[in-house]
Structure formats: structure tokens, C-alpha cells
Amino acid sequence: MPSRLLLLALAVIAASGLADAGEPLQNWFNDPFFQITSTVPDCPLPAGPFTTESDRRVQAHRRAEKGTTCWLAKECDRPNAYVYDADIAAAFQSAVREQRPFADTTLWVTVQGRIVYIEGCAKNEAMTAEIEAFTKALPHVQQAIAILRTDPVARPPYRVRAAE
């Protein structure tokens with residue numbers, strides 16, 4: 001649980017980087033980002049892996065270190081934690097197509113270094129544990145973090161970006 005709180009704290013800190021007025025957002029590291037459900041109307045689009053150029057520079061060192069540390073610590077079969085991300089995304093999309101879980105949600109998924117972030121809207125808070133358990137059951141997933149808005153008038157608990 002402490003690592004989850006740390007990751008959420010880091011997400012909040014990273015969100016402050018989006019305040020850099022005028023900087024365009026881009027998925028600099030080509031992290032998988034996709035929508036899996038869309039039944040809750042007016043759910044704000046998460047920023048997902050889209051960041052500013054200045055935030056990209058901040059993330060670059062941390063990502064390089066995390067990527068190789070996984071392999072050096074013998075926690076990964078592959079030489080970089082981020083190499084798993086496309087496979088995790090494909091497995092996630094396949095499992096959702098086959099099982100059709102998460103009724104009454106609008107969700108997007110970001111995969112970064114074997115950590116899967118599921119952001120969006122759900123009808124109730126109980127969905128958080130269900131979504132995280134579903135995600136953790138997928139091959140190569142190290143951690144799953146669901147960040148959901150359950151009150152339709154509340155501010156989203158995740159970073160938001162303008163609709164495309």
C-alpha cells in the first residue's frame with residue numbers, strides 16, 4: 001500500500017508539470033494508451049502518458065534507471081521493464097474483448113514499465129478493487145492502479161487533457 005501512495009503522490013507532482021502554460025502535450029515515450037469502455041457519459045479524458053517537453057526531460061532519467069534496474073535485480077526476463085508494455089497492452093485489450101468486464105464505466109489505460117494505470121469514471125468506488133484485480137492477473141503486470149471518479153460532478157482524481 002505505501003508504494004501505491006507514493007505513486008499517487010508522484011502522479012500529483014507530475015500533474016503540476018501540466019500547468020506549464022502553452023506547452024503542447026505529447027506521448028514522448030510511446031507508452032500504450034487506449035480506451036476500453038465508454039458507458040459513463042461526460043467522463044473527462046485523462047492526460048495518460050501525454051506530458052510536456054519539460055516533463056519529458058525530468059522523466060527520461062527515471063525511466064532509464066527503472067527500465068534497467070528491473071533486469072539487473074532479476075525481476076524481469078527482458079533487459080528493460082518498458083519492453084513489456086506493448087505485450088501487456090495487447091493482453092489487456094484481448095481480455096477486455098473476451099470477458100467484457102467493467103459495466104457502467106468509461107475507462108482509459110496507460111501502461112508504463114509494467115505498471116498499469118486505469119483512469120476514468122465508474123458508478124461506484126467498489127469498481128476500483130475489481131479493476132485492479134483484473135489487471136494484476138494479466139501476464140507481466142507488476143502493479144495496477146485504478147484512479148476513478150465516481151461522483152459525476154466531482155473533479156476527476158487524475159490529470160486531464162483537452163479532448164482531441
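A charge is taken to sit over a ring if NZ of Lys or CZ of Arg is within 6 Å of the ring centre and within 35 degrees of the ring normal. In the predicted model described here, the charged end of Arg56 meets this description with respect to Trp28, at 5.7 Å from the centre of the ring. A further case is Arg114, which lies over the face of Tyr84 at 5.1 Å from the ring centre.

Arg114 belongs to the loop between β2 and β3. Its phi angle is near 70°, a positive value in a residue other than glycine. The relative accessible area of Arg114 is 11%, and the residue is therefore buried, the limit being under 20%. A positive phi also occurs at His140, again a residue other than glycine, with a value near 75°. His140 is placed in the loop between α4 and β4. With a relative accessibility of 33%, His140 counts as partly exposed, because this value falls between the limits of 20% and 50%.

The strands form an open sheet of four members, arranged in the order β1-β2-β3-β4 with mixed pairing. Strands β1 and β4 (143-149) stand at the edges; each has a single partner strand, so one side of each lacks a neighbour in the sheet. On average, neighbouring strands of this sheet are turned by 20° against each other, direction ignored. Strand β3 (residues 115-122) and β4 run parallel and are joined by seven bridges. Within this part of the sheet, Tyr117 stands opposite Ile145 in β4. Helix α4 packs on the sheet, where it touches β2 (105-112), β3 and β4, and the direction of α4 makes about 150° with that of β4.

Helix α4 spans residues 127-136 and contains Glu132. A polar atom of the Glu132 side chain lies 3.0 Å from the backbone nitrogen of Ala146, a distance within the 3.5 Å limit for a polar contact. Glu132 has a relative accessible area of 10% and is therefore buried.

Aromatic rings were paired when their centres lay within 6.5 Å, and the count by this rule comes to four aromatic pairs. One of these is formed by Phe33 and Phe50, which are edge-to-face, with 5.8 Å centre to centre and 75° between the planes. Phe33 lies in strand β1 (residues 33-38), whereas Phe50 lies in the loop between β1 and α2 (53-72), so the pair ties together parts that are 17 residues apart in sequence. Both Phe33 and Phe50 are buried.

The rings of Phe34 and Phe92 also form a pair, with centres 6.2 Å apart. Their planes stand at 70°, so this pair is edge-to-face. It links distant parts of the chain, since Phe34 is in strand β1 and Phe92 in helix α3 (residues 85-99), 58 residues apart. Phe34 counts as buried because its relative accessibility is 10%, and Phe92 is likewise buried, with a relative accessible area of 0%. Phe34 and Phe92 are joined by Phe102 and Phe134 in one aromatic cluster.

Conventions
Residues are numbered from 1 along each chain as its sequence is written. This is a predicted model: local features need pLDDT of at least 70, side-chain atom pairs count only at pLDDT 80 or more; totals for chains, interfaces and linings use all residues. Side-chain values use heavy atoms; hydrogens and water are left out. Helices (H or I, at least four residues) and strands (E, at least two) are DSSP runs, numbered from the N terminus. Buried means under 20% relative accessible area, exposed over 50%, partly exposed in between (1.4 Å probe, protein chains only). A polar contact is a pair of N or O atoms within 3.5 Å; within protein, one must be able to donate a hydrogen and the other to accept it, and residues adjacent in sequence count only if both atoms are side-chain atoms. Rings of Phe, Tyr and Trp (its six-membered ring) pair if their centres lie within 6.5 Å; planes under 30 degrees apart count as stacked, over 60 as edge-to-face and the rest as tilted. Two strands pair if DSSP finds at least two bridges between them. Axes are lines fitted to C-alpha atoms, for helices over the stretch in contact, and angles run from 0 to 180 degrees between N-to-C directions. Contact means heavy atoms within 4.5 Å.
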